Each structure stands twice: as C-alpha cells, then as structure tokens.
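User: I would like to go through this model and ask, for several of the labels attached to it, what justifies them.

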Amino acid sequence: MARMAAPPYQRLGDVAFSKIEKVNSELFTLTYGAIVVQLLKDSEDVEQTSIQLEKMGYNIGMRIIDEFLAKANAGACNDFKETGEVIAKVAFRMFLGVTAECRHVVDASAPLAFHLILVDNPLVDFVELPEHCSTLGYCNLLCGVIRGALEMVGMRVETKLLKDSLWGDEHTEISVSLKEIIHEQYHDDDE
C-alpha cells in the first residue's frame, strides 16, 4: 500500500522544526510555570495575571515573526484561511513542536475567523491550577503571540482563549478573528 504524502504545510512545519534550535520541553514548561507563579504573586489578581500573560505574548509575537519569516519559507498567505493553516501547521510545529487543528468559523458576524485547537499543549504539562486560580488564562501567552505576530505582518486580530485543558476541557482552543488589514502609509520626504 502506498504511503500518503503529508500535507504541504505539515511538511513545511517539519522542515522549519528541524531548522530551529531546540530547548528541552520540560525546562521550557517549568520556566513558563515559574513566570506565571511570579506574576500571580506580584499582582495577587488572577484576571490581571491573565492580561499580563497576553501582553507578554504580544511582545514575543512582535519579535518572533522575524525568525518565522526567515526560517519557515512559508511565503505570503493568499487569504486569512491560509494564515490559519500556516499558524496551525507551521508556526506551532516550529516553535512548540506540535501541530494544531485549524477550524474555520462559518458565521456571518465573524466572516474572517478561525479556531486553533491544540490537543497536545506543551505549556500545560505538569500544571494543575489551584482552586483560587481556576479562571486563570494560563495559555493567554499563545493568544498574545498570535496577535503580536499577525500585527507585524499587517493584520489586526482579536484572539481569545476559549477552552483550556486546565479548565477541564479536552483541549486548548484559541479563537482568532480578523478585525482590520493594516495598510502601510508611505510619506514623501520632500513634503
């Protein structure tokens, strides 16, 4: 029986993953956990910590997009649907070593939106939220990374953590909705 070829984005994600310098996943997970704990201690507010994690992710996304564009060889996406597939199959594979499923939303109120489903989320390995932190958006960092990276390539999006295995869900699910295409403005120096 002939072996089926991997989808093009899956192969691209595997190639990008092989090119990037790796960090021990347990070290990464535990370091992230320590950062979250410190943020909780500093703010003493679960909601504020969730907001700070998203802001941290946004700053990371604004910087990590350069490495993605340089090493992934993904090229320009033709539409927002393709952007979702590239994030799910190439970017998540490249930076987290996992792939996500991209489900495109069919909704008149949000015509340009998709959900990223992570069944295997390395951020939540070894993590249990205490009762007083049960509403913590522990994976808000990922929402911020996506928002920051897409903004740097001209797409203003809204991201939201919809489901999290730490909340008792089967998987992590992130909603990404396109709000605006950012057009670059060029000014003539002679004016």
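Analyst: What follows takes the labels one at a time, and the model discussed is a predicted one.

User: Why is Cys143 called buried?

Analyst: Buried means under 20% relative accessible area, and Cys143 has a relative accessible area of 1%, so Cys143 is counted as buried. Cys102, with a relative accessible area of 10%, is under that limit too and is therefore also buried.

User: How do you know that Cys143 is not bonded to another cysteine?

Analyst: The closest cysteine sulfur to that of Cys143 belongs to Cys139 and is 8.2 Å away, whereas a disulfide needs the two sulfur atoms within 2.5 Å, so the distance is too far for a bond. By this rule the count of disulfides comes to 0.

User: What makes Glu44 an exposed residue, and where is Glu44 found?

Analyst: Glu44 is found in the loop between helix 2 and helix 3, and because its relative accessible area is 72%, with exposed set at over 50%, Glu44 counts as exposed. Its phi is near 55°, a positive value in a residue other than glycine. Most residues other than glycine have a negative phi.

User: What can be said in the same way about Asn73?

Analyst: Asn73 is not a glycine, yet its phi is positive, at about 55°. This residue follows helix 3 and is found in the loop between helix 3 and helix 4. With 52% relative accessibility, Asn73 passes the limit of over 50% and therefore counts as exposed.

User: What happens at the start of helix 3, and where is its kink centred?

Analyst: At the start of helix 3, a side-chain oxygen of Asp45 reaches to within 3.1 Å of the backbone nitrogen of Glu47. Further along, helix 3 has a kink of about 35°, centred on Arg63. The buried residues of helix 3 include Val46, Ser50, Leu53, Glu54, Ile65 and Ala72.

User: Is Asn140 buried or exposed, and which residues does Asn140 touch?

Analyst: Asn140 is found in helix 5, and because its relative accessible area is 14%, under the 20% limit, Asn140 is buried. Not counting residues up to four places away in sequence, Asn140 touches Ser50, Leu53, Glu54 and Leu161.

User: Why is His132 called exposed, and how far is His132 from Val46?

Analyst: His132 lies in the loop between strand 2 and helix 5, and since its relative accessibility is 64%, with the limit at over 50%, His132 counts as exposed. The C-alpha atoms of His132 and Val46 are separated by 8.3 Å, although the two residues are 86 residues apart along the chain.

User: What makes a set of residues a nonpolar core, and which elements give residues to the largest one?

Analyst: Such a core is a set of buried nonpolar residues joined through side-chain atoms within 4.5 Å, and the largest one here has 37 residues, with Phe92, Leu116, Leu136, Tyr138, Leu142, Ile146 and Val176 having the most contacts inside it. Two or more residues come from each of helix 2, helix 3, helix 4, helix 5, strand 2, strand 3 and strand 4, and helix 5 gives the largest share, 6 residues. Another core, of 8 residues, lies apart from this one, and Ile65, Ala72, Val86 and Ala149 are among its members.

User: Which residues is Phe92 in contact with, beyond its neighbours within four places in sequence?

Analyst: The contacts of Phe92 include Val98, Ala100, Leu116, Leu118, Leu142 and Ile146.

Technical notes: Residues are numbered from 1 along each chain as its sequence is written. This is a predicted model: local features need pLDDT of at least 70, side-chain atom pairs count only at pLDDT 80 or more; totals for chains, interfaces and linings use all residues. Side-chain values use heavy atoms; hydrogens and water are left out. Buried means under 20% relative accessible area, exposed over 50%, partly exposed in between (1.4 Å probe, protein chains only). Helices (H or I, at least four residues) and strands (E, at least two) are DSSP runs, numbered from the N terminus. Contact means heavy atoms within 4.5 Å. The bend at a residue is the angle between axes fitted to the seven residues ending there and the seven starting there. A polar contact is a pair of N or O atoms within 3.5 Å; within protein, one must be able to donate a hydrogen and the other to accept it, and residues adjacent in sequence count only if both atoms are side-chain atoms.
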